[in-house]
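Please open the structure in a viewer and keep a selection panel at hand. The tour proceeds by selections, beginning with a ligand site and ending with a sheet.

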Amino acid sequence: MKHPEIEKRIQDLLDRMTLEEKAGQLNQSGGSLVGAFDLSFEELMTMVQDGRITEEEAHKMLSDAKHDWHEDDLRAGRIGSYLNVIGAEEMNRLQHIAVEETRLGIPLINGFDVIHGFRTATPIPLAESCAWDTDLWQRTARMSAEEATAAGVHMTFSPMVDVSKDPRWGRIAESAGEDALLNGLYGEAKVRGYQTDDLTRHDALAACVKHFAAYGAAEGGRDYNRVDMSPQRFEEEYLPSYERAVKAGARAVMPAFNDLSGVPCSVNKKLLTDILRTRWGFDGMTISDANAIAECINHGIAADRRDAARQALNAGMDMDMTSGCFLDHVKELVEAGEVSMDRLDEAVRNILRLKFELGLFDDPYRSSPEQEQAAMLTPAHRALAREAAQKSMVLLKNDGLLPLKADLRIGLAGSLAFDRDEMSGTWSGGYRDGDGRSIQDGLDAEGIAYQAVREDQPLPDCDVFLCAVGERKAESGEAASRASLDLTASDIALLKRLKESGKPVVAVVFAGRPLCLGPAVECADALLMAWHPGVEAGPAILDLLIGRVNPSARLTTGLPAATGQCPTLYYDHIRTGRPAGVFKYTSKYLDAPVTPLFPFGFGLSYTSYRYSDISAAQTSDGIHAEITVRNTGDRAGDEVVQCYFRDPVARRVRPMRKLAAFEKVALQPGESKRVAFDIPNAAFAYYDQEMNLVTDDGVIEIHLGGNVRDTLQADVDYRHP
Ligand code: BGC
């Protein structure tokens, strides 16, 4: 929301700025690496390619390397923002140059990817989404903001709200899964948690919603790949999550790398101006993805860097992340009349507005090394990371082995069970090696005896095996697409070896994405999907395994039975003319089921729930539905009651089910609760063939229950008001 006083101050500055200074404000610099190793960047990459060093070693060398922040450019007013300055001292030093040594004294804004915690790494977003808990999502965002701002960060490139229906795509790890509503609610909670309602607070962090739009629909799950879909599908399944996060007040938006039906998002006026500004009224700033403006040349839509800058600016891009195209070409583009001064001024305004809103002009030094030191990894932060991990891990199978009985002798297998640093997951830039706690640490803390299972030695004499399998952190995230979602051959061999011993097996899966867990289901008596749980991985896993905490997480994406099911695995698939059945000529595979191994919304606990007495009726605002849920077991638990609907006859083919709402309810043993949902009329609207937003009169089916497969149904004869 524009503030008149701020707009006046922006105008005052604009009146005094040269064209070069305006171009400088549009430029985000990533600095460059110097002197830390005796190799060029290209040589380093060659070493990774030919296997002389691992990608992780290269990453470590890069992150340990010294940065050249191009202070001379900063002094000359050629840099408006930095990417990835870490540390209060370094940020204050650079801010000092911006404020004291540039002609106009405009402060810098420093952006960093704070994706799931900063120093205190919390579960990856895909994991945390499985908590179905907006309050938790907001609290962990607040904690991330407290730590990141103490380290000199002003803006995070989060939340990522890309609906992700294809687990081959490595960035599914950064999303809240396959559903639009969940991604939207997740994004909204994160924005609130990061920003608070007062951006001038020292611990308020500006949120940047990304990647606008539909990056998660990259064809084949291959990162950076094309996205091509009908406008109806785009509006109904992909756009709503961005809209919700933007309308929650996020002050920045990042267009995606991909093209959308042939137009790269970085130069996509329909997205950056028509939808974002005109339709949604967004008045924050847009910032490109890293180097994305220059990459429009590779897309084959821009002739050269100048052309790319022209197209991006005219489409509505404000800040250029690290490509330098704006810095190099804005002046000549404006002088040649190819970009209007009005458009340039608008971009500068959007950037200055955020700097004013954050209070950077009046209060540019927001932290100190002492504050930074005190903010990190506090006991309260560790406690919250542990709570988040407990609530994120999904119990998939339990043949009565869990909770583990006391005094069992454990055989601990799988290298991930001993690994602290793999627990943090992808995009954990603030994490420091050694901060994490492994399963082994968890057992030690509980005083539970174990013996390590070694590949080359006979199996230990134990009562139960606890076996960790799955992905390491570099196997998901950006540029980490996979063509196979199978467990590795060595993981499968290990599981089989343990099973053949005849002893019971608990398998814990670490992963940044859904994997095909068939072999783990076969070999293990109990199976916990732990994802990448963050610094408190081990203690939280033990809390669940020994039953101190009752598992309550539910999948926000189905888990595949076979990789070939992707990308049609998702629960809200539209209906076909020949639904899968026993008859040959139906929509199915010869060698795999069409349904996931574990459905959307699924998760077990140590108690059981029974649903009854569903009712649903139309109200003036939509449909009101109710159901009774009863805890029929002997332990207290949290159940996620899920509300889906289906429009069985419509003017365009509609999804089999659509999640409309959910509520997490706490139930004591024997306790029942009546859970009510109000689904607004707007939820039933969709686009017809001519892109008119329409709603049908007729039956709407309401499906309520504990996962998308197990629901009770009530029909409403719905009349559109
Ligand atoms: C990613 C963005 C991220 C940016 C800055 C890009 O490669 O796609 O999500 O915010 O880098 O680190």
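Select arginine 171 together with the ligand: a polar atom of the arginine 171 side chain is placed 2.7 Å from a ligand oxygen atom. This is a polar contact, that is, a pair of N or O atoms within 3.5 Å; within protein, one atom must be able to donate a hydrogen and the other to accept it, and residues adjacent in sequence count only if both atoms are side-chain atoms. The model is predicted: local features need pLDDT of at least 70 and side-chain atom pairs count only at pLDDT 80 or more, whereas totals for chains, interfaces and linings use all residues. Residues are numbered from 1 along each chain as its sequence is written, and side-chain values use heavy atoms, with hydrogens and water left out.

Add lysine 210, where a polar side-chain atom lies 2.8 Å from an oxygen atom of the ligand. Next add glutamate 478, which has a side-chain N or O atom 2.7 Å from a ligand oxygen atom. On its own the ligand has 310 Å² of accessible area, and the protein covers 92% of this (Shrake-Rupley method, 1.4 Å probe; for residues, only the protein chains shown count as cover).

Now extend the selection to the residues around the ligand, among them Asp113, Phe157, His211, Met254, Asp289 and Trp427; a residue is included if one of its heavy atoms lies within 4 Å. The shell comprises six nonpolar, one polar and five charged residues. In this classification, Ala, Val, Leu, Ile, Met, Phe, Trp, Tyr, Cys and Pro are nonpolar, Asp, Glu, Lys and Arg are charged, and the others, Gly among them, are polar.

Move to the open sheet of four strands, ordered S22-S21-S26-S27 with antiparallel pairing. Its edge strands, S22 (658-667) and S27 (711-718), each pair on one side only. Strands are DSSP runs (E, at least two residues), numbered from the N terminus, and two strands pair if DSSP finds at least two bridges between them.

Select S21 (residues 637-646) and S26 (residues 698-705): five bridges join these antiparallel strands. Cysteine 643 stands opposite leucine 704 in S26, and arginine 646 is opposite glutamate 701.

Is S26 mostly covered or uncovered? Seven of the eight residues of S26 are buried (under 20% relative accessible area, 1.4 Å probe, protein chains only).

Finally, add S27, which pairs with S26 in the antiparallel sense over eight bridges. Five residues separate S26 and S27 in a hairpin, and glutamate 701 faces aspartate 715 in S27.

Methods. Buried means under 20% relative accessible area, exposed over 50%, partly exposed in between (1.4 Å probe, protein chains only).
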